[in-house]
Structures are given as structure tokens and as C-alpha cells.
Amino acid sequence: KDEEEDLLDKLEAMHGESDTDESFEPAIGTTSATRKEKKEKAEEKKREGKAKKEKEKAARREEEQRQQDRLREKREKEAREAAEREHLRVETERLRKEAEREERRKQLEQKELREAELKRQREDEKRKKESDRVLKLQKAAEEREKRKEEERVKRKKEA
């Protein structure tokens with residue numbers, strides 16, 4: 001009998017129940033209550049399982065939404081970067097063309113200056129030649145005049 005009581009005490013200690021507990025009901029006539037309890041527990045378990053599945057489903061949806069948001073942000077960032085690269089390419093091309101135009105303008109200006117300088121040099125040479133020719137003609141005319149004068153003087157002396 002002592003052994004039975006020890007075993008009962010151990011069982012009660014494990015389950016937290018004692019035979020002095022007022023809520024304790026004897027096993028007689030409790031089969032329908034037990035079935036009802038089991039049914040309620042099964043339904044509760046079912047509800048908990050359903051709630052857990054809903055929670056997991058919501059978590060999956062949230063994660064999918066976060067992934068879509070990340071993908072969208074990544075695509076937007078890539079699009080912005082591509083637009084910036086295109087803008088830089090266009091701006092670089094515009095600057096390159098502008099520099100080429102400026103270089104051509106400078107070359108044309110230099111060419112015009114060289115041509116103007118050559119023209120001036122040719123005109124200077126022409127003027128110098130003309131001046132030399134005029135001087136030569138003047139010298140020749142003076143020389144003729146001198147000879148004529150000498151000839152007259154000579155004829156005067158002879159006469």
C-alpha cells in the first residue's frame with residue numbers, strides 16, 4: 001500500500017495533480033467528456049496549424065514582396081546608371097565635336113594668316129621689283145641725259 005501511494009505521489013508530482021484537488025474528476029463517466037476534450041484539442045490544433053500556415057503564407061508573401069522591391073530598386077538603379085552613362089556619352093561626344101570644330105576654326109584662321117602673309121610678301125616683292133625697275137629706268141634716263149649733255153658739251157667745244 002505504501003508503494004502505491006509513493007507511485008501515486010510521483011505521478012501527481014509529474015502531472016501537477018493531487019487527489020485532494022477539487023477539480024479532479026474521477027474516471028467514471030468521463031468518456032464523453034474526454035472525447036469532447038480530444039475533439040476540442042484536435043480542433044484547437046487544427047486552428048493553430050491553420051493560423052501557422054497563414055502566418056507562414058503571409059511571411060512568404062512579405063519576403064516575395066521584399067524580393068520584388070529589391071529587384072525593382074536594382075532595375076531602377078541600373079536604369080538610372082544607364083541613363084547617366086548615356087548622358088555622359090552624349091555630353092562627351094558633344095564636347096569632342098565642339099573641340100574638333102574649334103580646332104578646324106583655328107587651323108582655318110592659321111591658314112588665312114599664312115595666306116595673308118604670303119600675299120603681303122608677294123606684294124612687297126612686286127613693289128620692290130617695281131621700285132628697282134623705276135630706279136633702273138631713272139638711272140638709265142639720267143645716264144642718257146648725262147650722255148646727251150656730254151655730247152652737247154662736246155659739240156659745243158668742237159664748234
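Here are some questions and answers about the predicted model shown above.

Q: What should a newcomer know about how this model is read?
A: Because the model is predicted, local features need pLDDT of at least 70 and side-chain atom pairs count only at pLDDT 80 or more, while totals for chains, interfaces and linings use all residues. Residues are numbered from 1 along each chain as its sequence is written, and side-chain values use heavy atoms, with hydrogens and water left out.

Q: How many helices and strands does the secondary structure of the chain come to?
A: There are 2 helices and 0 strands. Helices (H or I, at least four residues) and strands (E, at least two) are DSSP runs, numbered from the N terminus. Helix H1 covers residues 2–15, and helix H2 covers residues 31–158.

Q: Why is Asp2 called exposed?
A: Exposed means over 50% relative accessible area, buried means under 20%, and partly exposed lies in between (1.4 Å probe, protein chains only). Asp2 has 60% relative accessibility, so Asp2 counts as exposed. Buried residues make up 1% of the 159 residues in the chain.

Q: What makes Asp69 and Arg72 a salt bridge?
A: The term asks for a side-chain nitrogen of Lys or Arg within 4 Å of a carboxyl oxygen of Asp or Glu. The N to O distance here is 3.5 Å, so the pair qualifies as a salt bridge. Both residues lie in helix H2, 3 residues apart, about one turn of the helix. Asp69, at 25% relative accessibility, is partly exposed, and so is Arg72, at 36%.

Q: How do you know that Glu91 and Arg94 meet in a salt bridge?
A: Their side chains come to 2.5 Å, N to O, which is within the cut-off, so the name fits. About one helical turn separates them, because they are 3 residues apart in helix H2. Glu91 has a relative accessible area of 28% and is therefore partly exposed; Arg94, with 39%, is partly exposed too.

Q: Why does Lys128 count as exposed, and Asp132 as partly exposed?
A: Lys128 has 53% relative accessibility, so Lys128 counts as exposed. Asp132 has a relative accessible area of 38% and is therefore partly exposed. The two form a salt bridge, with the closest N and O atoms 3.5 Å apart. Both lie in helix H2, 4 residues apart.

Q: Which residues are linked in a network of salt bridges, and how many salt bridges does a search of the whole structure find?
A: Glu62, Glu63, Arg66 and Arg70 are linked in such a network. The search finds 19 salt bridges.

Q: What makes Asp2, Glu3, Glu4, Glu5, Asp6 and Asp9 a negative surface patch?
A: Patch residues have over 30% relative accessible area and no salt bridge; like charges are joined within 9 Å, and nonpolar side chains (Val, Leu, Ile, Met, Phe, Trp, Tyr) within 5 Å. Asp and Glu count as negative, so these six residues form a negative patch. The place of a charge is taken as CG of Asp or CD of Glu.

Q: Which residues form a nonpolar patch on the surface?
A: Leu8, Leu11 and Met14 do, with about 330 Å² of accessible area together. Such areas come from the Shrake-Rupley method with a 1.4 Å probe. Leu11 lies in helix H1 and, with a relative accessible area of 44%, is partly exposed.
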